[in-house]
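Q: Could you walk me through one helix of this structure and then one of the chain ends?
A: Certainly; here is the structure to begin with.

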Amino acid sequence: MRLKGIDISEHQGTVNWALVTEAEFVMIRAGYGQGTTDREFRRNAEGCTMRGIPFGVYWFSYARTADMARREAEYCLELIRPYRLRLPVAFDWEYDSRAHARSNGVEPTRELVTAMCHSFCKTVRAAGHTPMNYTNVDYLQQFFDESTFEYPLWLAQWGEERTWAHPKADIWLWQYGLTRTAGFPSPVDGNIAYRDFNKEDPVTYEEFKEYMERYETELAELPPGDWSEAERAWAEQTGLIRGDEQGRRRWRSHMTREEYAVTQYRQAESRDSL
């Protein structure tokens with residue numbers, strides 16, 4: 001399966017989506033850095049939706065810490081909330097990202113960039129989307145270790161053929177260079193997809209169970225938001241929240257009826273002790 005698609009951003013200007021007839025999928029830049037929305041994102045997302053073109057998004061990262069990468073993912077997730085994505089949400093850290101980090105006194109290392117990739121992608125996956133890592137062969141070898149192969153890969157290797165491969169890497173998209181396509185006055189980045197994003201893959205019970213277990217584990221590891229600091233301190237002080245057997249508070253996890261009964265009982269105990 002080889003589908004032809006493109007990736008776009010505000011740099012392509014305002015697209016006349018009525019003329020876009022050749023793209024079989026689109027990757028749209030949602031934004032960049034700490035919460036800056038691509039000026040054409042909503043128009044592009046709505047254009048793809050109107051034309052029935054499967055699309056995903058990427059976020060150009062200017063993160064210098066894993067926490068900054070997590071916040072970038074959260075900004076991106078909030079932007080895409082109104083849309084139905086058929087393709088993944090990609091972490092895009094490249095040459096300009098490195099230059100930005102250096103200008104702010106941070107020298108990116110393999111360990112740091114790998115950690116930022118995991119932080120972004122795990123946040124995306126915990127929200128129910130498929131994460132993806134976009135990178136070229138140069139940066140893949142310099143800055144991303146093999147642990148990042150747990151996410152689908154969007155590989156940039158410009159040329160007539162893709163020569164890079166790795167037994168552990170699952171390449172879903174290949175960015176091969178510039179191409180011309182109807183609806184765009186100038187060349188755009190061309191991509192090949194090795195999956196049919198128009199088809200819904202059937203999910204087995206075991207796959208769903210594995211996904212839910214991973215989802216619950218990742219939720220348990222997500223840090224709480226600053227907005228709930230006072231309430232969390234009160235819940236711990238009163239004994240309403242005491243943590244699980246590993247001592248985790250699991251602030252972002254869902255509550256079962258069993259856990260609800262326990263918290264209500266503890267609250268009653270707390271009132272009785274006053």
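**Helix H4 and Met-1**

A: In H4, the buried residues (under 20% relative accessible area, 1.4 Å probe, protein chains only) are Val-113, Thr-114, Met-116, Cys-117, His-118, Ser-119, Phe-120, Cys-121, Thr-123, Val-124, Arg-125 and Ala-126. The model is predicted, and local features need pLDDT of at least 70, side-chain atom pairs 80 or more, while totals for chains, interfaces and linings use all residues. Residues are numbered from 1 along each chain as its sequence is written, and side-chain values use heavy atoms, leaving out hydrogens and water.

Q: So why is H4 described as largely enclosed?
A: Twelve of its 17 residues are buried, so the rest of the structure largely encloses H4.

Q: At what angle does H2 pack against H4?
A: Helix H2 (residues 66-80) packs with H4 at about 30°, and their axes, lines fitted to C-alpha atoms over the stretch in contact, are 8 Å apart. That makes the two helices roughly parallel (angles under 35 degrees, on a scale from 0 to 180 between N-to-C directions).

Q: Which residues of H2 meet H4?
A: Ala-66, Ala-69, Arg-70, Glu-72, Ala-73, Glu-74 and Leu-77 of H2 do so.

Q: Changing topic, is Met-1 buried or exposed?
A: Met-1 is exposed (over 50%), with a relative accessible area of 57%.

Q: Which residues does Met-1 contact beyond its sequence neighbours?
A: Leaving aside neighbours within four places in sequence, Met-1 is in contact (heavy atoms within 4.5 Å) with Ala-193, Tyr-194, Arg-195 and Asp-196. The C-alpha atoms of Met-1 and Ala-193 lie 7.6 Å apart, although 192 residues separate them along the chain.

Terms used
Helices (H or I, at least four residues) and strands (E, at least two) are DSSP runs, numbered from the N terminus. Angles under 35 degrees count as roughly parallel, over 145 as roughly antiparallel, 65 to 115 as roughly perpendicular and the rest as oblique.
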